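User: I'd like to learn how to read a sheet and the helices around it. Could you walk me through one?

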Amino acid sequence: MKFILYNQQFFNCCVSIFKSNVPVFFSSEEEVLFSNYLLKPSINYYVVLNSSNNLIASGGYEYEKDKDIVSLTWGMVDYKYHNLGYGTSLTEYRLQKIKKEFSHCSVELNTSQKTFKFYQKFGFQIIKITQNYYAPGLDRYDLLKKTSIN
């Protein structure tokens, strides 16, 4: 498994991964938001290649200076590769990078009722739930992982 910093050559593959997760994990209306995110310059976004060099996952993070917090952004695994450990590896990779670069910061993310339990395994706690936020039947869960002092 290889982690590579995102660049525009990966755009179509990342959008395909997004589409593979609609409507279960994302609403189709979010595709424009995701595409616009990928078009931003200098994002901390990574793609994951498996042993066959297939792009099978992607995700990033963003430092929010005004809140002095880091947000996990657009984490996803191609639907046909779910439950094989790629999401865990991607999340661990991002959290390790955040710990090195922003050790003083807590980490937040928003996700749905479909995946919040996955993130709880990494120490994230539910802060707020907004029903039908993304689409009817697709709720938003705001999660926070507080900085741990070692």
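Analyst: Let's go through the sheet, its helices and one residue in turn. Keep in mind that this is a predicted model.

User: Fine. What is the strand order of the open sheet, and which strands are its edges?

Analyst: The general idea first: strands of a sheet pair through backbone hydrogen bonds, either parallel or antiparallel. Here the open sheet has 7 strands in the order S1-S2-S3-S4-S5-S7-S6, and the pairing is mixed. Strand S1 (2-5) and strand S6 (125-135) are the edge strands, each pairing on one side only. On average, neighbouring strands of this sheet are turned by 25° against each other, direction ignored.

User: And the helices: which strands do H1 and H2 touch?

Analyst: Helix H1 (residues 11-20) packs on the sheet and touches strand S2 (44-49), strand S3 (55-64) and strand S4 (69-77). The direction of H1 makes about 80° with that of S4. Helix H2 (residues 30-39) also packs on the sheet, touching S2, S3, S4 and S6. For H2, the angle with the direction of S4 is about 115°.

User: Now S5. In which sense does S5 pair with S4, and in which with S7?

Analyst: You get both senses on this strand. S4 and S5 pair in the parallel sense over 2 bridges, with Ser-71 opposite Glu-108 in S5. Strand S5 (residues 107-111) pairs with strand S7 (residues 138-145) in the antiparallel sense, over 5 bridges. One pair to look up there is Thr-111, whose bridge partner in S7 is Tyr-141. S5 is also mostly covered, with 4 of its 5 residues buried.

User: How does the chain cross from S4 to S5?

Analyst: It goes through helix H3 (residues 86-101), and this β-α-β crossover is right-handed.

User: Let's zoom in on Thr-91 in helix H3. Is Thr-91 buried or exposed, and why?

Analyst: The cut-off does the work: buried means under 20% relative accessible area. Thr-91 has 1% relative accessibility, so it counts as buried.

User: What is Thr-91 in contact with, beyond its sequence neighbours?

Analyst: Leaving aside neighbours within four places in sequence, Thr-91 is in contact with Phe-118, Tyr-119 and Phe-122.

Key: Residues numbered from 1 in each chain as written. Predicted model: local features only at pLDDT ≥ 70, side-chain atom pairs only at ≥ 80, totals over all residues. Heavy atoms only, no water. Pairing = 2+ DSSP bridges. Axes fitted to C-alpha atoms, helices over the stretch in contact; angles between N-to-C directions. Contact = heavy atoms within 4.5 Å. Buried < 20%, exposed > 50% of the residue type's maximum accessible area, 1.4 Å probe, protein only. Right-handed = clockwise from strand over helix to strand, strands pointing away.
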